[in-house]
Amino acid sequence: MKKIALISGITGQDGAYLAEFLLKKNYIVHGIKRRSSSVNNYRIDDIYEKFYENSKNPSFYLHYGDVTDSLNISELVNKIGPDEIYNLAAQSHVKVSFETPEYTANADGLGVLRFLESIRRYKKKKIKFYQASTSEMFGGSKPPQSETTVFAPKSPYGAAKLYGHWITKIYRESYNIFACSGILFNHESPLRGETFVTKKVVRAAVKYSLDKKEILQIGNLNATRDWGHAKDYVKNMWMMLQKKNADDYVIATNTSYSVKKFIELTYKYLGFNIKWTGKGLNEKGIDLKSGKIIVKVNSKYFRPNEVDNLRGNSNKAKNSLKWKPKINFKHLVKEMIKYELELQTKKNR
Ligand code: NAP
Ligand code: F7E
């Protein structure tokens, strides 16, 4: 019998990588997608074609749904009867969470509860549950952050995710549900959303390499992040659900870089060296060769409250799950550049 997985957030970065990973493992995969006025399936188009449209025995199905809709979530859980649920759906942008705090709390906090309650009421079999928790829950706590670090979120996103994290643990302990959270540090890929800093930098740098005009408008250059590759992180999601006992794990690379360093490296790989001038809001990055301004700080991209430094300690996952990231930071940046170069060159043809 093939295992059945239900993934919320199927159209997002991790949803697409996880679906591909599970389909290769011979799972039947059901994905929950929101209705939108324009189609946003581009990350899963290939697998939909291969495992649904062109398949004699389809193993990939899509369902409309929304994690803010309790009846819809419980209906889907009952109808599909999955062996494993991966809850990846979220309003995942930290800055946007300051502008839509109530919606973020509903989707990222209560959304988790809706799945857990559906699982608790489902009597036909035991369903395993994975929750995508976040390093943003550590907020102001100093690095390196591990499973024992104090939670101190600094955004509505971090607070909503912390509710989701705790309620997952509470349902595990109270109802003997196999429910666990991966405390995921930042992870990126060519499929990363366009408004996250890595994708934004790579897109602007590639554009500059082609038109010699593009200026990257950026916020806080000094924050540091522990950036891994999404492919490594989705594999870990599955590994956590295959363990005998449910538990929570920090998933990180254990190294961090500043936003400024990420920018320098990206432009360097494209053949441009940056000289920095000015301070704070007046800081600028100059292309050493041409003397042109290529990076400008813009207050629009600052957050009301910033998480300054994140670097995870994922020793527990290393020792207990035998998991460690395979793709390093430099490879990640190069892969993102390659993808973007191909895309933008094709567009310009
Ligand atoms: P993402 O690219 O922003 O994808 C989020 C997904 O959730 C999208 O499919 C989105 O649908 C869906 N979604 C949003 N609100 C929804 C709602 N109300 N109902 C149903 N679906 C909804 O995020 P990601 O990078 O793949 O991250 C996956 C999960 O890991 C998220 O929960 C995120 O918070 C968490 N996480 C990510 C990172 C990271 O660095 N990537 C780190 C820590 C934790 P649309 O396509 O329609 O918008
Ligand atoms: O920002 C700074 C910004 O938006 C990273 C999400 O996946 O990871 C992600 O959240 C840093 C921050 O990611 C810009 O201030 C500067 O310090 O790429 P980001 P994030 O906020 O760390 C966590 C773990 C999640 O759980 C989230 O879902 O970069 N920064 N200038 C900027 N950030 C953005 N987005 N845009 C800028 O122009």
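A polar contact is a pair of N or O atoms within 3.5 Å. One such pair joins ligand 2 to the protein in this predicted model: a nitrogen atom of ligand 2 is 2.8 Å from a polar backbone atom of Gly-219. With that contact as a starting point, the surroundings of ligand 2 can be described, followed by those of ligand 1, a buried histidine and several salt bridges.

Two side chains also reach ligand 2. A polar side-chain atom of Asn-186 lies 2.8 Å from an oxygen atom of the ligand, and a polar side-chain atom of Arg-303 comes to 2.5 Å from an oxygen atom of ligand 2. Ligand 2 on its own would expose 700 Å², and the protein buries 95% of that area. Around ligand 2 stand 23 residues, and the closest of them are Ser-92, Thr-134, Tyr-157, Arg-303 and Glu-306. Arg-303 therefore appears twice in this description, as one of the closest residues and as the partner in a polar contact within the 3.5 Å cut-off. Sorted by class, the shell around ligand 2 holds nine nonpolar, eight polar and six charged residues. Where do these residues come from, in terms of domains? The shell draws at least three residues from domain 1 (4-190 + 227-255 + 309-327) and at least three from domain 2 (197-222 + 258-307 + 334-347).

Ligand 1 is surrounded by 24 residues, with Thr-11, Arg-34, Ser-92, Tyr-103 and Tyr-157 as the closest. Ser-92 and Tyr-157 are named among the closest residues to ligand 1 and also among the closest to ligand 2. Three secondary-structure elements, α1 (13-24), β5 (128-134) and α6 (156-175), each supply at least two residues of the shell around ligand 1. Of the contributors to this shell, β5 gives the most, with three residues. The make-up of the shell by class is nine nonpolar, ten polar and five charged residues.

Polar contacts to ligand 1 come from both side chain and backbone. On the side-chain part, a polar atom of Asn-40 lies 3.1 Å from an oxygen atom of ligand 1. On the backbone part, an N or O atom of Val-67 lies 3.0 Å from a nitrogen atom of ligand 1, while a polar backbone atom of Leu-88 is 3.0 Å from an oxygen atom of the ligand. Of the 890 Å² of accessible area that ligand 1 has on its own, the protein covers 91%.

Attention now turns to a histidine. His-93 is placed in the loop between β4 (84-87) and α4 (94-99). Is His-93 buried or exposed? His-93 counts as buried because its relative accessible area is 13%, under the 20% cut-off. The side chain of His-93 has two backbone partners to note. One is the backbone nitrogen of Lys-95, reached at 3.3 Å, and another is the backbone oxygen of Thr-195, which lies 3.2 Å from a polar atom of the His-93 side chain.

The last group of features is the salt bridges, of which a search of the whole structure finds 19. Glu-117 and Arg-120 form one of them, at 2.7 Å from N to O. Both residues lie in helix α5 (residues 101-121), three residues apart, which is about one turn of the helix. Glu-117 counts as buried at 16% relative accessibility, whereas Arg-120 is partly exposed at 29%.

A second salt bridge joins Asp-211 to Lys-207, with the closest N and O atoms 3.7 Å apart. What separates these two partners along the helix? They are four residues apart in helix α7 (residues 197-211), so about one helical turn lies between them. Asp-211 is partly exposed, with a relative accessible area of 27%, and Lys-207 is also partly exposed, at 37%.

In a third salt bridge, the side chains of Glu-283 and Lys-260 meet at 2.7 Å, N to O. This pair links distant parts of the chain: Glu-283 sits in the loop between β13 (274-277) and β14 (284-287), and Lys-260 belongs to helix α9 (residues 259-269), 23 residues apart. Glu-283 counts as buried, because its relative accessibility is 12%. Elsewhere, salt bridges that share partners join Glu-194, Lys-199, Arg-203 and Glu-340 into one network.

Conventions: Residues numbered from 1 in each chain as written. Chains lettered and ligands numbered in written order. Predicted model: local features only at pLDDT ≥ 70, side-chain atom pairs only at ≥ 80, totals over all residues. Heavy atoms only, no water. Salt bridge = Lys/Arg side-chain N within 4 Å of Asp/Glu carboxyl O. Buried < 20%, exposed > 50% of the residue type's maximum accessible area, 1.4 Å probe, protein only. Near = heavy atom within 4 Å. Polar contact = N/O pair within 3.5 Å; in protein donor to acceptor, adjacent residues only side chain to side chain. Areas by Shrake-Rupley, 256 points an atom, 1.4 Å probe, with all protein chains shown as cover. Nonpolar A, V, L, I, M, F, W, Y, C, P; charged D, E, K, R; others polar. Domains from an automatic or database assignment.
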